[in-house]
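I am opening a notebook page for this structure and writing down what I look up, one topic at a time.

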Amino acid sequence: MNWLVIPVFALVILTIGSAIYAVISKNLLYAVVATGLVSLGLSLFFFILQAPDVALTEAAIGVALTTIIFIITIRNTTDKEKCCDKKTSYVEMKKGDDK
Amino acid sequence: MIKRIIVFLILATIGYFLVGVVSQIPFGEDRNNVGDYYIEKTPTELKVSNAVTAIVVNYRGFDTLGEVTVLFLAATGLSSIMYRRRRKGEKQIRAKLPSSRIIQIGSQILFPLIVLLGAYVFIHGHLSPGGGFQGGAIIATATLLMLISYRKFKVNHNVISWIESIAGVVFVTVGFVGLILGMTFLENFLPTGELNDLLSGGIIGIIYVAVGFKVASELAGVIDTVLLNNRPEAKNEN
């Protein structure tokens, strides 16, 4: 067995785990950071699979720019996930925001 | 209920035709010979060592022009949506507090290095992995680092839009020169030079430098627009 497989498996677990955490997390800021981690893992995968062009793009755009734009958006709005409750209508959500 | 049945019917129809097409293709067999052609012809015909760049800029150059246009339209649309007229006496503030000294000094050291890396990536696009898009994104990341470190760091939008326009015009002009000389749009009209030289590959170098400048200025403009047009007073305080 090739021992180089172990870090690749660790990378797989990190990427998939961050993707799952990004979906289930209630705090949107944590979810955005987890999405950035997914992009980081993906860019390493692209590099391992001998696609360095795509890896460069993913590292620059996926990890840095997209994450930062999402974080700025969260800073201007809110980091709470409010719309996941089906009983609260959109109007009540807007009322809650104005507090 | 009826809506769901309709959706299911549409999906079933699409699936039926997809299965009909896909079942014709033998599994696990590559019937596509265009990849071999590219790998064989790129070093001999175009004298470009990075086959991906040769495909993106030369064989599929028109698609790249379309992608650049899409990025330009996205940046313009974002600016027009995010633009907000200032109230009287309202300052353009990016953050309430200055960032720490460590971040400021560190980003001062890192900024020229990152810009240098980005320029290297798009100038050597035909020799090493990377190209105009990647290099431009890296340079935009350097701008982002300065923007989040210094509150007073300003991006001059006039300069940015001029760089962007000139780069776009250079791209289209290179395409039209091919037409004027009696070839197709974006066909190589320059001497290709030697394999693995910096000045090789004909028009690929010119186009990638133009694309690099264009992407870098567009993405930097996008980040600056998003960062400046925020509403700090609407921030929630919890």
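Entry 1, a surface patch on chain B. I began with the surface, keeping in mind that this is a predicted model, and I found a nonpolar patch formed by B:I2, B:I6, B:V7, B:I10, B:L11, B:I14, B:L18, B:V21 and B:V22. Together these residues have about 870 Å² of accessible area. I then picked out one of them, B:I10, and noted that B:I10 sits in helix α1 of chain B, which covers residues 2-22. Is B:I10 buried, partly exposed or exposed? Its relative accessible area is 48%, so I wrote B:I10 down as partly exposed, since that class runs between the limits of 20% and 50%.

Entry 2, the make-up of chain A. Next I looked up the secondary structure of chain A, and I counted 4 helices and 0 strands there. Reading along the sequence, I wrote the pattern as α-α-α-α. For the burial of chain A, I noted that 27% of its 99 residues count as buried.

Entry 3, two helices within chain A. I turned to helix α1 of chain A (residues 5-24) and helix α2 of chain A (residues 28-48), which pack with their axes 8 Å apart and at an angle of about 150°. How should I describe their directions, as roughly parallel or roughly antiparallel? Angles over 145 degrees count as roughly antiparallel, and α1(A) and α2(A) are therefore described as roughly antiparallel to each other. I also recorded that α1(A) passes α2(A) in a left-handed crossing.

Entry 4, a residue in the third helix of chain A. I looked for A:L65 and found this residue in helix α3 of chain A. The relative accessible area of A:L65 is 4%, so I marked the residue as buried. I then checked A:L65 against A:G36, and although the two are 29 residues apart in sequence, their C-alpha atoms are 9.6 Å apart in space.

Entry 5, a helix pair across the two chains. Helix α3 of chain A (residues 52-76) packs with helix α6 of chain B (residues 132-149), and I noted an angle of about 30° with the axes 9 Å apart. Angles under 35 degrees count as roughly parallel, and α3(A) and α6(B) are therefore roughly parallel to each other. The crossing in which α3(A) passes α6(B) is left-handed.

Entry 6, the salt bridge. How many salt bridges does a search of the whole structure find? The search gives 1 over all chains, and I traced a salt bridge between B:E218 and B:K214, whose closest N and O atoms are 3.4 Å apart. Both B:E218 and B:K214 lie in helix α8 of chain B, and they are 4 residues apart, which is about one turn of the helix. I wrote down that B:E218 and B:K214 are both buried. For B:K214 the relative accessibility is 8%, so this residue counts as buried, the cut-off for that word being under 20%.

Entry 7, distances from helix α8 of chain B. Staying with B:K214, which lies in the helix spanning residues 204-228, I looked up its separation from B:G77, and the C-alpha atoms are 16 Å apart while the two residues are 137 apart along the chain. Then I looked at B:V209, which also lies in helix α8 of chain B. With a relative accessibility of 28%, B:V209 counts as partly exposed. The C-alpha atoms of B:V209 and B:A220 are separated by 16 Å, and these two residues are 11 apart along the chain.

Entry 8, positive phi values in a loop. Which residues in the loop between α7 and α8 did I note for their backbone? I began with B:L186, whose phi is near 65°, a positive value in a residue other than glycine. B:L186 has its place in the loop between α7 (157-180) and α8 of chain B. I then turned to B:N196, found in the loop between α7 and α8 of chain B, which has a positive phi of about 70° although it is not a glycine. Are B:L186 and B:N196 buried or exposed? I noted B:L186 as buried, with a relative accessible area of 2%, whereas B:N196, at 53% relative accessibility, counts as exposed.

Technical notes. Residues are numbered from 1 along each chain as its sequence is written. Chains are lettered from A and ligands numbered from 1 in the order in which they are written. This is a predicted model: local features need pLDDT of at least 70, side-chain atom pairs count only at pLDDT 80 or more; totals for chains, interfaces and linings use all residues. Side-chain values use heavy atoms; hydrogens and water are left out. Patches are made of residues with over 30% relative accessible area and no salt bridge: like charges are joined within 9 Å, nonpolar side chains (Val, Leu, Ile, Met, Phe, Trp, Tyr) within 5 Å. Accessible areas come from the Shrake-Rupley method with a 1.4 Å probe; for residues, only the protein chains shown count as cover. A salt bridge is a side-chain nitrogen of Lys or Arg within 4 Å of a carboxyl oxygen of Asp or Glu. Buried means under 20% relative accessible area, exposed over 50%, partly exposed in between (1.4 Å probe, protein chains only). Axes are lines fitted to C-alpha atoms, for helices over the stretch in contact, and angles run from 0 to 180 degrees between N-to-C directions. Angles under 35 degrees count as roughly parallel, over 145 as roughly antiparallel, 65 to 115 as roughly perpendicular and the rest as oblique. A crossing is left-handed if the near helix is turned anticlockwise from the far one by less than a right angle, and right-handed if clockwise.
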